[in-house]
Amino acid sequence: MAQVAAQGSLVVLGLGSVGRRLGRLVSSASHPGLGAPAGGGGHPASLSVAGVADSSTVVYSSSGSLPPDSLEALVQRKESSSPEGNLAELAEHHSLSVASTDSLPQLVQSHGDLCGCVVADCTASLASLDVLCESLRNGGAVALANKKHVGGSLEHYQSLVDAEAEGGGFGGRLRFESACGAGTPMVVSAQRLGLGNDRVHSIVGSLSGTLGVVCDALNNGTPLADAVEFAHWHGLTEPDPRDDLGGEDVHRKALVLARAVGVPLRPEDVTIEPLYPEKLEGGELCASEFISKLRNEHNDFQEQLAERAKKASGPLKYVANIDCVRRKGEVSLQEVTPQSPLGSLSGAANLVQFSTDMHGDTPLAVQGAGAGAGVTASGVLADAVEASRCVSAHFSSNSSINDDGNCSWNGSERHRVEERATSSSR
Ligand SMILES: NC(=O)c1ccc[n+]([C@@H]2O[C@H](COP(=O)([O-])OP(=O)(O)OC[C@H]3O[C@@H](n4cnc5c(N)ncnc54)[C@H](OP(=O)(O)O)[C@@H]3O)[C@@H](O)[C@H]2O)c1
């Protein structure tokens, strides 16, 4: 029989720079407002980490909360880049439960301490979709830093939306603020426009900190290879800089924002202009190989870009431009007006502007840090706290709280979850 965990349990998927930061943020945070869901009611609760997972192993506590010293030890173990398998060994030492990451969908469906939790996806993997959907279907919630599900195929995005609806309740359990703008509240701003029935005409944004820095350098007359090298040495590029320069990341963020305002674009609705020569596509290249090839074998591409920057009457920026009325868009290098908000943007900062009926001549602008593990983790945490309130509100209308703080569902909700747990174990 499925029992439902106390609200406020978090399972952190991914212990890279963002997931580790999230674990530590939760340990050090207090959330006095967590037990007071918007609209009143709900049960007092605090957010705690019930489990963590990397690509192979999930470690969780049968009490629904990992002791702080155990959580810190797990985070440190991943920080030290120890070989795979060590999470399990460490878990044993701390008397914690261990399972394969592949078994997580079953665990959040039927394990009393994980059922109804918030799953925070801090991976960059498509493999997490099943556990996210399972959590939503079971009345739990998800908070995403991973943009692959909400900024990739429309079917993946829709499967999350459908899973949340299937789970019932009041919604608000699917959250993805940190999938765009690293936690700068762009997604919630987009969603509020829809809630207020304000028609969005266009979304225009500079959504990559890395490309912001590269474009600044190009505008100052720096050749592309030197600009990429500068960004790389400041830790601002992916190990393969083509992952930034190719525009895929900005493309995903543009889709996230379009979907958040209620325009469900498909990837092919938005074209991409990559910021590197076509001949450098394919195969494996580390940063230094890529930079050297760009510098020595593709000087023509660099010269064209330099010429473009020189002739432009305003700065060049790598811009996402979505026409919400015609339902199409592009992500590309564009010349912008120097005095405009985009033209004034510098460094790794991100900015998005929504032109709408109600905002008229003054588009709604949201600006902030566009990258960084800290700001991203903080955005995930804020999402998790709010999502947890929604779970709490949902459960409070369908459950009662036991003396030990665990929540037992009543009526049809309980029956529905138990049915699912039973059928999955058949
Ligand atoms: N860093 C930023 O500034 C920033 C900003 C905005 C958004 N993001 C997004 O946040 C996410 C995390 O970024 P990061 O820099 O922390 O990545 P990262 O350092 O590459 O870490 C990814 C983690 O995910 C784990 N993982 C992979 N597949 C998994 C699965 N199926 N289940 C559970 N764990 C799995 C990996 O496990 P192993 O250790 O076993 O490989 C690793 O611990 C990415 O989607 C990124 O795009 C990052």
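Contact here means heavy atoms within 4.5 Å. Keep that in mind for a helix that turns up further down. One more thing before the tour: this is a predicted model.

**Around strand S5**

Let's start with S5, which covers residues 118–121. Val-118 and Ala-120 point one way from this strand, while Val-119 and Asp-121 point the other way. All four of these residues are buried. In a regular strand, side chains alternate between the two faces of the sheet.

S5 has partners, too. Strand S1 pairs with S5 in the parallel sense, and Leu-10 stands opposite Val-118 there. S6 pairs with S5 in the parallel sense as well, with Val-119 opposite Val-142. To get from S5 to S6, the chain goes through helix H5 (residues 129–137), making a right-handed β-α-β crossover.

Here are some of the strand pairs side by side:

| Pair | Sense | Bridges |
|---|---|---|
| S1 (residues 9–13) and S5 | parallel | 4 bridges |
| S5 and S6 (residues 141–144) | parallel | 4 bridges |
| S10 (residues 316–323) and S11 (residues 328–335) | antiparallel | 8 bridges |

**The open sheet**

S10 and S11 belong to an open sheet of 6 strands, in the order S9-S11-S10-S8-S12-S13 with mixed pairing. Its edges are S9 (270–272) and S13 (364–369), each of which pairs on one side only. On average, neighbouring strands in this sheet are turned by 20 degrees against each other, direction ignored. Between S10 and S11, Tyr-318 stands opposite Leu-333.

Now for that helix: H7 (residues 186–195) lies across S8 (200–206), S12 (349–356) and S13. H7 runs at about 5 degrees to S12.

Technical notes:
Residues numbered from 1 in each chain as written. Predicted model: local features only at pLDDT ≥ 70, side-chain atom pairs only at ≥ 80, totals over all residues. Heavy atoms only, no water. Buried < 20%, exposed > 50% of the residue type's maximum accessible area, 1.4 Å probe, protein only. Helix = DSSP H or I, 4+ residues; strand = E, 2+ residues; numbered from the N terminus. Pairing = 2+ DSSP bridges. Right-handed = clockwise from strand over helix to strand, strands pointing away. Axes fitted to C-alpha atoms, helices over the stretch in contact; angles between N-to-C directions.
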